[in-house]
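Please report on the contacts, cavities and backbone outliers in this model. Keep it brief and keep the values in view.

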Amino acid sequence: VEEGAFYDCRNLTGSLDFGDHVTVIGANAFSSCQGLTGTIELPNSLTSIGNNAFSDCSISGALNIPTSVTSIGTNPIAGCNNINAIIVEDGNPNYYSEGNTLIEKGSKKLISGIKNSQVPDDVKTIGDIAFYACTGLSEVTFGSQLTEIERNAFYTCTHLTTIHSNAVVPPLS
C-alpha cells in the first residue's frame, strides 16, 4: 500500500483486512481515515509499516504485529485512541510489546503507546510522538533506564496529569 494511498479518505469505513500478499504499508497510508472504526488485520506477509500509517483513525481493538514485520516507522497509530492493546507476536526479530507499548529491541526505544500503557523499566528512549494525542493517558511512570524523551512524545496528551519517575538523572554540570 503506497505512501498516503488513502490519506484522509473519509468515506473509507469499517475494518481493514489486508489478505496474504501485502508486504508494505507506506507512511500515512490510512492516516486521518476517521471512518475506519473497526479492527486492523495485518497479514503474515507484512514486512514494513511506515510512519503514521494509521494515525488519527478511529480503529479499535488490538494492534497485532506479526513476526514478519522487521521495520516500523514513527508511531503508526498516533492519535488512535480506541486501540486497547498492542501485541507483537513472539519471535519477532526487531520488536516486542510489553505493558501495551511497542518497543524496538536493539535500541530499547518505545515507538508507540496507548491510553492504558505502562512504560517498561528497560526502555531507554521514548520516541518522537510515541503518545501523540493519546487523550486517554492520565498517568505515566518512567523506568530507571530512561535517558531520553524525544520531541513531541506526549504532544496533545490533554489528560496527562501525573508523571512518576524512577529514572536516575545525572546532575547538570
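Is Y155 buried, partly exposed or exposed? Y155 is partly exposed, with a relative accessible area of 45%. The model behind this value is predicted.

**Aromatic contacts**

The structure holds seven aromatic pairs. In one of them, the ring centres of Y132 and Y155 are 5.8 Å apart. The planes of Y132 and Y155 meet at 15°, so this pair is stacked. A stacked pair needs planes under 30 degrees apart. Y132 sits in the loop between β11 and β12. Y155 sits in the loop between β13 and β14. The pair therefore ties together parts that are 23 residues apart in sequence. Y132 is partly exposed, at 24% relative accessibility.

Aromatic residues also group elsewhere. F6, F18, F30 and F54 form one aromatic cluster.

**Salt bridges**

Four salt bridges are found in the structure. The table gives three pairs, with their N to O distances and the sequence separation of the partners.

| Pair | N to O distance | Apart in sequence |
|---|---|---|
| K108 and D122 | 3.2 Å | 14 residues |
| K109 and E150 | 3.3 Å | 41 residues |
| D128 and R151 | 3.3 Å | 23 residues |

Take the K108 and D122 pair, a side-chain contact at 3.2 Å. It links distant parts of the chain. K108 is in the loop between β9 (101–104) and β10 (109–113). D122 is in the loop between β10 and β11 (125–126). K108 counts as partly exposed at 24% relative accessibility. D122 is partly exposed too, with a relative accessible area of 26%.

K109 pairs with E150, the closest N and O atoms being 3.3 Å apart. K109 lies in strand β10, and E150 lies in the loop between β13 (148–149) and β14 (162–165), so the salt bridge ties together parts that are 41 residues apart in sequence. K109 is partly exposed, with a relative accessible area of 25%. E150 is partly exposed at 21%.

D128 and R151 meet through their side chains at 3.3 Å, N to O. D128 is in the loop between β11 and β12 (139–142), and R151 is in the loop between β13 and β14. Which class does each partner fall into? D128 has 18% relative accessibility and counts as buried, because buried means under 20%. R151 is exposed, with a relative accessible area of 59%.

**Cysteines**

How many disulfides does the structure hold? The count is zero. Why is there no bond between C134 and C157? The sulfur of C157 is the closest cysteine sulfur to that of C134, yet the two are 5.4 Å apart, too far for a bond. A disulfide calls for sulfur atoms within 2.5 Å. The view from C157 agrees: the closest cysteine sulfur is in C134, at 5.4 Å. C134 is buried, at 4% relative accessibility. C157 is buried as well, at 10%.

**Cavity**

C134 comes up again here. The structure holds one cavity of 30 Å³ or more. About 60 Å³ of space lies in the largest cavity. It is lined by 13 residues, and the closest to its centre are I77, C80, N81, G113 and C134. By class, the lining divides into eight nonpolar, four polar and one charged.

**Backbone points**

Two residues with positive phi deserve a check. N28 has a positive phi of about 55°, although it is not a glycine. N28 lies in the loop between β2 (24–25) and β3 (40–41). At 26% relative accessibility, N28 counts as partly exposed.

K108 returns as well. Its phi is near 60°, a positive value in a residue other than glycine. The place of K108 is in the loop between β9 and β10. K108 is also the residue whose side chain meets D122 in a salt bridge.

One C-alpha contact completes the report. Which strand holds A62? A62 is found in strand β5 (residues 61–65). A62 is partly exposed, with a relative accessible area of 25%. A62 and N84 are 22 residues apart in sequence and 5.6 Å apart in space, C-alpha to C-alpha.

Note on methods: Residues are numbered from 1 along each chain as its sequence is written. This is a predicted model: local features need pLDDT of at least 70, side-chain atom pairs count only at pLDDT 80 or more; totals for chains, interfaces and linings use all residues. Side-chain values use heavy atoms; hydrogens and water are left out. On a 1 Å grid over the protein atoms alone, a cavity is a set of points where a 1.4 Å probe fits but cannot get out, and a pocket is an open set with protein on both sides within 12 Å along at least five of seven lines; lining residues have an atom within 4 Å of a point. Grid points are joined across faces, edges and corners, and a volume is the space filled by probe spheres set on the points. Ala, Val, Leu, Ile, Met, Phe, Trp, Tyr, Cys and Pro count as nonpolar, Asp, Glu, Lys and Arg as charged, and the others, Gly among them, as polar. Helices (H or I, at least four residues) and strands (E, at least two) are DSSP runs, numbered from the N terminus. Buried means under 20% relative accessible area, exposed over 50%, partly exposed in between (1.4 Å probe, protein chains only). Rings of Phe, Tyr and Trp (its six-membered ring) pair if their centres lie within 6.5 Å; planes under 30 degrees apart count as stacked, over 60 as edge-to-face and the rest as tilted.
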